[in-house]
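Here's a quick briefing for anyone meeting this structure for the first time. Have a look at it below, then read on.

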Amino acid sequence: MKLPKGLDGVVVDQTKISSTQNAVLTYAGYPIKELQNAPFEEVVFLLWHTRLPSADELKAFRKLLVSKMVLPDETIRLMTRIAKEPQHPMSILRTTVSLLGTTNDVERDDPPRILGKMLTAIAAIIRIRDDQPVMHANSDWGVVENFIYLFSGERPTAERVAMFNTVMVLHADHEFNASTFTARVVASTKADYYSCLTAAVCALKGPLHGGANEKVFKMLETIRQTGQEPTAYVNDQMAKGRKIMGFGHRIYKNGDPRATILREIARQIAHETDNDAYFALQEQIRDYMFEKTHLHPNVDYYTALIYHCFGLDKKTFTMMFAACRTAGWLAHITEQQAEGCLIRPSSEYVGQTNRHYRADKEEM
Ligand SMILES: CC(C)(COP(=O)(O)OP(=O)(O)OC[C@H]1O[C@@H](n2cnc3c(N)ncnc32)[C@H](O)[C@@H]1OP(=O)(O)O)[C@@H](O)C(=O)NCCC(=O)NCCS
């Protein structure tokens, strides 16, 4: 029997939340291209209810989500202790999400409260690690504007909010990607939201998934610092059997539709923040990678530069991915808990057979 590698192409369950059929990403049937400028709150509503909200519903939903962007003082106090540790921010986030699931008010936590807490916690980790005060959300602003304010300490311009909004929308969901599938496996055992989210964060951390954006920026920095030709860097890495981060995708073999949109944002914000050299380098690598491998950039390739231009440290990039993807994780956990059954696949055993304990022991 020939097994599909890494479940490649295997349909494991049904979902109404999102699809990548025919390499077109849709949320509840709407192509991502049409949603790219929709308010993040509207897209979250869509993912959670599989329909668009009315104008009144959207207003109320935005107000609700922003009102949940707060953490109990005790949680901040405990988080401060953890966030100061020298470990990678994704390790801090993993422990923080687990911690959020143990606080006093956890019984009341539903998806809006959990999303609010996650965004606030991610921003707070950044602030605490930078020895900066934890900020408080403003009830008159939307989720994206508040999120940027919470992690940066500065009110962003409307243009920057629009850019980050698109980044958040494009990352919000992606059907059965590794972290979402992990969350669904845990949800299938009827475990609580925070257990599912902790597991999802663990899966996202790896460089083959969300961890790629940090590695992309490390690559750009290395090339600029060493003065190496990008082509020589790519050749050298591939000769060593290493993958070039930010390229390739399990589903999108002819290009990731999210990367096409993000490329333009990267170009624009790089120009506005005096980072054109990074963008030019990305273009060189992109062209050479296509020439050499026919691989296209994926969602992590350009977000690395966008996050850098937002003043973020590369070690926090994957937390940004987690912040955006929490919306989708919550949708999938809810769907799995409501409609799914226990996920428990089988394996093909390829180890030794017909062994006998006593006989083998005597021979030792
Ligand atoms: C995303 C990824 C895991 C998809 O993997 P996949 O569908 O399992 O495809 P494979 O890893 O089997 O790759 C198929 C071939 O392309 C090559 N390849 C894929 N991505 C590559 C990359 N980024 N750099 C160099 N070669 C790559 C593989 O080495 C493999 O070559 P081979 O057939 O000669 O062994 C893979 O493209 C990758 O590791 N990319 C880099 C990490 C990354 O950017 N992750 C974020 C994803 S959104």
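Which of the 18 residues around the ligand come nearest? They are Lys5, Lys243, Ile244, Gly246 and Phe247. Keep in mind that this is a predicted model. The notes below start with the ligand and then turn to a sheet.

**Where the ligand sits**
- You'll find the ligand in the largest pocket.
- The shell of residues around the ligand is a mix: eight are nonpolar, five are polar and five are charged.

**Polar contacts to the ligand**
- The side chain of Lys5 has an N or O atom 2.5 Å from an oxygen atom of the ligand.
- For Lys243, a side-chain N or O atom lies 2.6 Å from a ligand oxygen.
- Arg250 joins in too, with an N or O atom of its side chain 3.0 Å from an oxygen atom of the ligand.
- On its own, the ligand has 860 Å² of accessible area, and the protein covers 67% of that.

**The three-stranded sheet**
- Three strands line up in the order 1-2-3 to make an open sheet, with antiparallel pairing.
- Strand 1 (18-19) and strand 3 (30-31) are at the edges with a single partner strand each, so each has one side without a neighbour in the sheet.
- Strand 2 covers residues 26-27, and its antiparallel pairing with strand 1 runs over two bridges.
- Looking for a bridge to spot? Ser19 has Thr26, in strand 2, as its bridge partner.
- As background, strands of a sheet pair through backbone hydrogen bonds, in either a parallel or an antiparallel way.

Notes
Residues numbered from 1 in each chain as written. Predicted model: local features only at pLDDT ≥ 70, side-chain atom pairs only at ≥ 80, totals over all residues. Heavy atoms only, no water. Near = heavy atom within 4 Å. Polar contact = N/O pair within 3.5 Å; in protein donor to acceptor, adjacent residues only side chain to side chain. Areas by Shrake-Rupley, 256 points an atom, 1.4 Å probe, with all protein chains shown as cover. 1 Å grid on protein atoms, 1.4 Å probe; cavity = no way out; pocket = protein on both sides within 12 Å on 5 of 7 lines; lining within 4 Å. Sits in = over half its atoms within 2 Å of the grid points. Nonpolar A, V, L, I, M, F, W, Y, C, P; charged D, E, K, R; others polar. Pairing = 2+ DSSP bridges. Helix = DSSP H or I, 4+ residues; strand = E, 2+ residues; numbered from the N terminus.
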